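I'm opening my notebook on a structure I haven't looked at before. These entries follow what I looked up, in the order I got to it.

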Amino acid sequence: MTFLHRAASAWKRHGARNFIRLAAYNARLKLFSAGIEPKPDEFDAQYGTDTFKVKEVGALDIPAAAARDAVRYQPSSSTLVFESISALPIAQEDFSFIDYGSGKGRVLMIAAQFPFRRVVGFEISSELHGIATENLSRLPVHVRGAGRVLSVQCDAREATLPSDNLVCYFYNPFGERVMEAVATQLRQHVLKGHDLYVIYTNPRFRGVFTSGSDFLVLRDSEHILIARGRPQAQSLGDDTSSDTSLKNTPRPG
């Protein structure tokens with residue numbers, strides 16, 4: 001009955017054509033990600049949250065115009081997130097952290113444990129944004145600070161980036177068209193003189209960051225891509241020493 005209720009609700013919100021397209025998309029996504037879905041961990045038990053349960057696109061309150069580029073909510077492995085951030089060759093206090101498609105706020109809560117200047121999530125679903133806001137309120141006051149950690153409801157393509165060095169996290173949050181638009185925004189951010197790192201888990205559209213010379217690839221495996229933004233004026237041979245720690249770090253997860 002729960003499935004039928006969700007299906008009827010999705011049909012009503014998205015219409016027949018979009019409903020069929022979303023159903024086919026979700027089926028393909030399940031097949032593609034079957035081998036990398038995170039296993040239940042102790043994260044929710046530790047914080048008293050519910051971040052593990054998957055939410056399909058059709059069950060989310062995403063505008064129909066944006067649904068074609070949306071991906072279901074599925075949480076990242078807390079171990080993978082923690083180890084990926086820890087492996088970056090940066091002084092975290094000199095960076096802000098951005099989670100694209102931040103969902104229920106799990107990654108934000110993990111990133112908040114690091115001394116980033118700010119930790120911000122961009123989420124298009126008002127439902128998931130509301131859950132994330134509630135979850136973030138469970139963080140100790142000394143961790144979340146005065147507005148240091150927050151979820152912002154917005155389309156990723158229209159998000160306003162902090163004027164800061166950035167670590168940008170993606171867990172296959174949306175389709176290629178939106179990834180391209182976001183990557184363009186990140187390139188412009190680098191050209192303004194900011195340092196920028198990308199952590200891209202389940203990198204279905206890795207070519208957005210690996211093609212061309214705008215990003216220096218520090219690590220590229222089946223399940224994760226880590227790259228650094230590179231100003232156009234920088235030569236291909238420059239600044240490659242920083243990837244040593246990443247190459248020598250065991251694969252998370």
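**Notes on the cores and the sheet**

I started at Val-167 in this predicted model. Setting aside residues up to four places away in sequence, I found Val-167 touching Leu-88, Ile-90, Phe-95, Ser-96, Phe-97, Ile-98, Phe-116, Tyr-197 and Ile-199.

Next I checked the largest nonpolar core, which has 31 residues. Val-167 is among the members that touch the most others, along with Ile-85, Phe-97, Phe-116, Leu-139 and Tyr-169. Which elements give two or more residues to this core? I listed helix 2 (43-47), helix 4 (78-87), strand 1 (95-100), helix 5 (106-111), strand 4 (165-171), strand 5 (196-201), strand 6 (215-220) and strand 7 (224-229). Helix 5 gives the most, five residues. I also noted another core lying apart from this one, with 27 residues, including Cys-168 and Val-208.

Then I turned to the sheet. How are its seven strands ordered? I wrote down 3-2-1-4-5-7-6, an open sheet with mixed pairing. Strand 3 (149-153) and strand 6 are the edges, each pairing on one side only. On average, neighbouring strands are turned by 20 degrees against each other, ignoring direction. Strands 1 and 2 (residues 119-123) run parallel and are joined by four bridges; Asp-99 has Gly-121 in strand 2 as its bridge partner. Helix 4 packs on the sheet, touching strands 1, 4, 5 and 7, and its direction makes about 155 degrees with that of strand 5.

Last stop: Arg-187, in helix 8 (residues 176-191). I saw its side chain reach the backbone oxygen of Val-208 at 3.2 Å. Leaving out neighbours within four places in sequence, Arg-187 contacts Glu-180, Val-208, Asp-214 and Phe-215.

Definitions and conventions: Residues are numbered from 1 along each chain as its sequence is written. This is a predicted model: local features need pLDDT of at least 70, side-chain atom pairs count only at pLDDT 80 or more; totals for chains, interfaces and linings use all residues. Side-chain values use heavy atoms; hydrogens and water are left out. A nonpolar core is a set of buried Ala, Val, Leu, Ile, Met, Phe, Trp, Tyr and Cys residues joined through side-chain atoms within 4.5 Å. Buried means under 20% relative accessible area, exposed over 50%, partly exposed in between (1.4 Å probe, protein chains only). Contact means heavy atoms within 4.5 Å. A polar contact is a pair of N or O atoms within 3.5 Å; within protein, one must be able to donate a hydrogen and the other to accept it, and residues adjacent in sequence count only if both atoms are side-chain atoms. Two strands pair if DSSP finds at least two bridges between them. Axes are lines fitted to C-alpha atoms, for helices over the stretch in contact, and angles run from 0 to 180 degrees between N-to-C directions.
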